[in-house]
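Me: Could you walk me through this one? I have the sequence and the structure open.

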Amino acid sequence: MRGIDITVRRGEVFGLLGPNGAGKTTTVEILEGYRARSGGDVSVLGHDPARRSIELRRQIGIVLQSGGIYSQITPREALRHWAGFYPAPRDVEEVLELAGLRDSAEVRSRRLSGGQLRRLDFALALVGDPELIFLDEPTTGFDPEARRAAWETIRSLRDLGKTILLTTHYLDEAQELADRVAIVKDGRVLAIGAPRELGAGAAKYRIAYRDAAGELVEHETEDPTRLLAELASRALAEGWRLQELSVARPTLEDVYLELTADG
Amino acid sequence: MAESSHAGASPAAPARSDAARAAPGALALTWRQYRLERRMFWRNPSAAFFNFLLPLLFLAAGGAILSGSQHDLNKLVPSIAGMSVMSTTFTALAYNIVFLRERGVLKRMRGTPLPTISYIGGLAASAVTNTVLQIGIVILAGRAFFGIGWPHDWLSLLVFVLVGVVSLAALGVAFAHVIPNFESTAAYVNAVFLPVVFVSFYVFDSSSAPGFLRSIAEGLPLKPLISGLSGALVTGSALGSNLDELAVIALWALFGLWFAVRGFSWESSRR
């Protein structure tokens, strides 16, 4: 870790995006209180997570990258037990419903599928009715259908007004879910902002059209206004048209690839 | 029509109790955790087997071989009682802690508001319950089949079981730190358990054991425990005459507790 300076606002979904080994999990584990930091200031809901106060842990929910569970426990039993840790838990049946576990509520966990176990992870993080939820790579290893289902669950958490800190190395996941994204690499924040806005300064616009000879031409520019004006005046002066003209804003993917490229 | 009964309630009334409700206390949480551990224990047939059936099989087999000699049976019963204490605490906790650590259960628990003392307390209390059940079964079997009668000194029994449980449970938790992964747990645990049991049984039983072997066994916690239990269950020798044995077990308890707390690891070191 070299230095990560981020502020997550209440009620937003904040994404930490970066390649494997970028320092995402380390960052989250410091915030969760699993790891000690070597320097810097950290405040989670007004607490220093390194002190591991019970009061803070009552207000956060954690979905680990991989967390085990008793192999003989059923989701309903696990949720009832976990609910007992908190002063004001959510209703267990409601949480089962929300996590999509109604039909498997009585199945021993060793018989649950990977997707169902992940739902149980969500449910256990949620049952204490936390203010803030940490999701570390919530959909890694999922098939597309399970990913969609997990995204739905995360959106419903946001709709409940929860603050969510999400790490992912999937661009589409960050784009789909996060209100704001920080792109992290080598323990450093490379860019931060809303997924749609992140493109603005960092990467180039792409302008494409067919020229007088019908050839497809592509330009990349940081100043699309000037380039468009030049192209248009040239076309008008020479009497041809900018056929199939398109102006593409840089996507999060462009920003990400540009920022995380080696060298 | 369940809704109709709530028709009079204010729509703003919260569906669940609010933060004003008292937070659950550590003692109540320990009890909850203990109950969960008990339920999970009985659902795992192989754990139940190793905890209860194995020492009983030893007892039955030993009884069959030694039947006819009351002198030998008098040695057998306290030996099995001592072994039961070790298998229900040292062995069971080492297995359990490594399993929970490698599966990521410990890490998950650490992220909840469950106090550490409640979690570890629940786990340990569950192990001790097995010890008590096991000792109870051995006492009953001694009375019913081995001509030993009821324990001669209940106080001595209580003290030795208590100190033995604390010592061997702490050593089990401490030993879990040494075991690198779940696959090798059986090898690690048996590499300690079996030699300790054999040496202790042999030295306790035979007055002609070589001196160095005797010194080793007297310095380990199991042989002193068996001697103490023998005094309580069979010979009726007073607690006062077994203070050396008690001191050895208590020293192991301090050693075990120190390492159990100091080296405790909540996460698998494999990443």
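**Strand 9 of chain A, then chain B**

Reply: This is a predicted model, and a good place to begin is strand 9 of chain A, residues 243-248, where the number buried among its six residues is zero, so the strand lies largely in the open.

Me: Which strand is joined to strand 9 of chain A, and how do the two run?

Reply: Strand 7 of chain A, residues 205-210, is joined to strand 9 of chain A by four bridges, and the two run antiparallel. Within that pairing, S246(A) in strand 9 is the bridge partner of A208(A).

Me: Switching to chain B, how many helices and strands are there?

Reply: Chain B has ten helices and zero strands. Its C-alpha trace spans about 85 × 45 × 35 Å along the principal axes, and 41% of its 271 residues count as buried.

Me: And what share of the contacts in chain B join residues at least 24 apart?

Reply: If you take the contacts in chain B between residues at least 6 apart in sequence, 80% of them join residues at least 24 apart.

Me: How many residues does each chain put into the contact?

Reply: Chain B supplies 24 residues and chain A supplies 22 residues. On the chain B side, the elements giving two or more residues are helix 1 (26-43) and helix 4 (105-110), and helix 1 of chain B gives the most, with five residues.

Me: What classes of residue make up that side of chain B?

Reply: The side of chain B that touches chain A has eleven nonpolar residues, together with eight charged and five polar ones.

Technical notes. Residues are numbered from 1 along each chain as its sequence is written. Chains are lettered from A and ligands numbered from 1 in the order in which they are written. This is a predicted model: local features need pLDDT of at least 70, side-chain atom pairs count only at pLDDT 80 or more; totals for chains, interfaces and linings use all residues. Two residues are in contact if their C-beta atoms, placed from the backbone, lie within 7 Å. Ala, Val, Leu, Ile, Met, Phe, Trp, Tyr, Cys and Pro count as nonpolar, Asp, Glu, Lys and Arg as charged, and the others, Gly among them, as polar. A residue is buried if 20 or more other C-beta atoms lie within 10 Å of its own, exposed if 12 or fewer, and partly exposed in between; C-beta atoms are placed from the backbone. Two strands pair if DSSP finds at least two bridges between them.
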